[in-house]
Amino acid sequence: MEVGIMGLAASGKTSLFGLLTGQPPAPTGGRRDSTQVGIAKVPDPRLDALAAMFNPKKTTPATIRFADVPGIPDEHRGDTSFNLPELRTADALVVVLRSFPSDAVAHPSGSVDPLRDLAHIEEEFILQDQMVVERRLERLRKDIQKRRDAELERERDLLENCLAVLEDGRPLRAETFDANAQKKLRGFTFLSLKPALVVVNVGEDAVATNPLSDPGWEAWTSRPGLAFTRVCATLEAELAELDGDDADAFMEDLGLEDRALDRIIGESYRLLGLISFFTVGEDECRAWSILDGTEALAAAGEIHSDIQRGFIRAEVVPCDELLEAGSLSACRQRGTLRLEGKTYKVVDGEVVHFRFNV
């Protein structure tokens, strides 16, 4: 799964990308016009506890692929040059908003106003999607004039409904579409249809406050498909250089209950509708990412196609049951280790061992 990170220039999005993925920033020297890609590990205390129990040779967390796209330049507003494929192919978006003043780094709009910037970005998504819909509708109408086709007419009706929404200044994620319409719309990779995590990047003097408590945010936080959190990228950079007790003491001094970076990764994971199941053993303890509602046969395929092809049964036990029992054999004695078939829907936090024969 991939998450696109975007925002206006000087929002701190590239710094945040570097902190999330551990990837050094691209060389400076002018405006960056290419996308950076990196992998972030999904923090999960359940995997840590399982690793402590099995003491494996290797522990592998779930991951998310982040793509940091160039900021939206003012001269490209409403232009197809903004239509980066890396952004359109992302499963979800992280929108970084600047909420800190700086004499050293000027804001491209002349003043700091995260609510204005969010409206600007949402407007850009809507404009880009509107152009896509209009181009497709033009082709559809020509095709329908040449030959009557029920499938083309249904697509036209769907896109005309989308166009009305976009012309009204509303994002497509605010609308409800049935399963068939959702499947059709996925092929268009609409920006305003993607779920988005809005990250407000605050200054060090505001790290203990909640900028989202401002009444101006109420109209945004109630919108479907949006989630919100805050981060202080400069403090997170300092935290990243500390280890163990030093990091805990630093967070305690600042009154922070958790790391914002872990929260952003976790929120991105949930925004994508992902859950984790675990495989355990002396060689490796590993977390696997699947969509919520995935059946056991498909989950087996995430590990290896041979396991999916030769699937017999899945041995399943909730992680907390295993941790309480102390071993898989103890779970068998307690009757908490179950055998499930191909159509069983894997639940978040389950430890799964697949029986297969190839």
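In which helix is the place of Leu 158? Before selecting that residue, bear in mind that the model on screen is predicted, and take in the whole protein chain, whose secondary structure comes to 14 helices and 12 strands. Along its principal axes the C-alpha trace spans about 65 × 65 × 40 Å, and of the 358 residues in the chain, 44% are buried. Among contacts with a separation of 6 or more, 70% are accounted for by residues 24 or more positions apart.

**First stop: Leu 158 and the H5–H6 packing**

Now select Leu 158, which has its place in helix H5. Leu 158 counts as buried because its relative accessible area is 14%, under the 20% cut-off. With residues up to four places away in sequence left out, Leu 158 touches Phe 177, Ala 181, Lys 184 and Leu 185. Show the C-alpha atoms of Leu 158 and Lys 184 as well: these residues lie 26 residues apart along the chain, and their C-alpha atoms are separated by 9.0 Å.

Widen the selection to the whole of helix H5 (residues 150–167), which packs with H6 at an angle of about 85°, the two axes being 11 Å apart. At that angle H5 is roughly perpendicular to H6. On the H5 side the contact is made by Glu 151, Glu 155, Leu 158, Leu 159 and Cys 162, and on the H6 side by Ala 181, Lys 184 and Leu 185. Colouring this contact by class shows 5 nonpolar and 3 charged residues, with no polar ones.

**Second stop: the second largest pocket**

Stay with helix H6 (residues 179–186), since this helix gives the most to the lining of the second largest pocket, with 3 residues. The volume of this pocket is about 570 Å³. To find its centre, select Asp 91, Arg 186, Leu 193, Lys 194 and Pro 195, which are the closest to it of the 21 residues that line the pocket. Coloured by class, the lining divides into 11 nonpolar, 4 polar and 6 charged residues.

**Third stop: H1 against H10**

Next, select helix H1 (residues 13–21) together with helix H10 (residues 260–271), whose axes come within 10 Å and cross at roughly 85°. H1 and H10 are therefore roughly perpendicular to each other. Display the side chains of Leu 16, Leu 19 and Leu 20 on H1, and of Leu 261, Ile 264 and Ile 265 on H10, for these are the residues that make the contact. By class, this contact has 6 nonpolar residues, with no polar and no charged ones.

**Fourth stop: Ala 233**

Keep Leu 19 in view and add Ala 233, because Leu 19 and Asn 201 are in contact with Ala 233 once its neighbours within four places in sequence are set aside. Ala 233 belongs to helix H8 (residues 233–240), and Ala 233 is buried, with a relative accessible area of 11%. Adding Phe 17 gives a pair 216 residues apart in sequence, yet with a C-alpha to C-alpha distance of 9.9 Å between Ala 233 and Phe 17.

**Last stop: Ser 276**

Finally, move to strand E8 (residues 274–279) and select Ser 276 within it. Is Ser 276 buried or exposed? Ser 276 is buried, its relative accessible area being 1%. Not counting residues up to four places away in sequence, Ser 276 touches Asp 44, Arg 46, Ala 62, Tyr 269 and Trp 288, along with Val 347, Asp 348, Gly 349 and Glu 350.

Note on methods. Residues numbered from 1 in each chain as written. Predicted model: local features only at pLDDT ≥ 70, side-chain atom pairs only at ≥ 80, totals over all residues. Heavy atoms only, no water. Helix = DSSP H or I, 4+ residues; strand = E, 2+ residues; numbered from the N terminus. Buried < 20%, exposed > 50% of the residue type's maximum accessible area, 1.4 Å probe, protein only. Contact = heavy atoms within 4.5 Å. 1 Å grid on protein atoms, 1.4 Å probe; cavity = no way out; pocket = protein on both sides within 12 Å on 5 of 7 lines; lining within 4 Å. Points joined across faces, edges and corners; volume = space filled by probe spheres on them. Nonpolar A, V, L, I, M, F, W, Y, C, P; charged D, E, K, R; others polar. Axes fitted to C-alpha atoms, helices over the stretch in contact; angles between N-to-C directions. Parallel < 35°, antiparallel > 145°, perpendicular 65-115°, else oblique.
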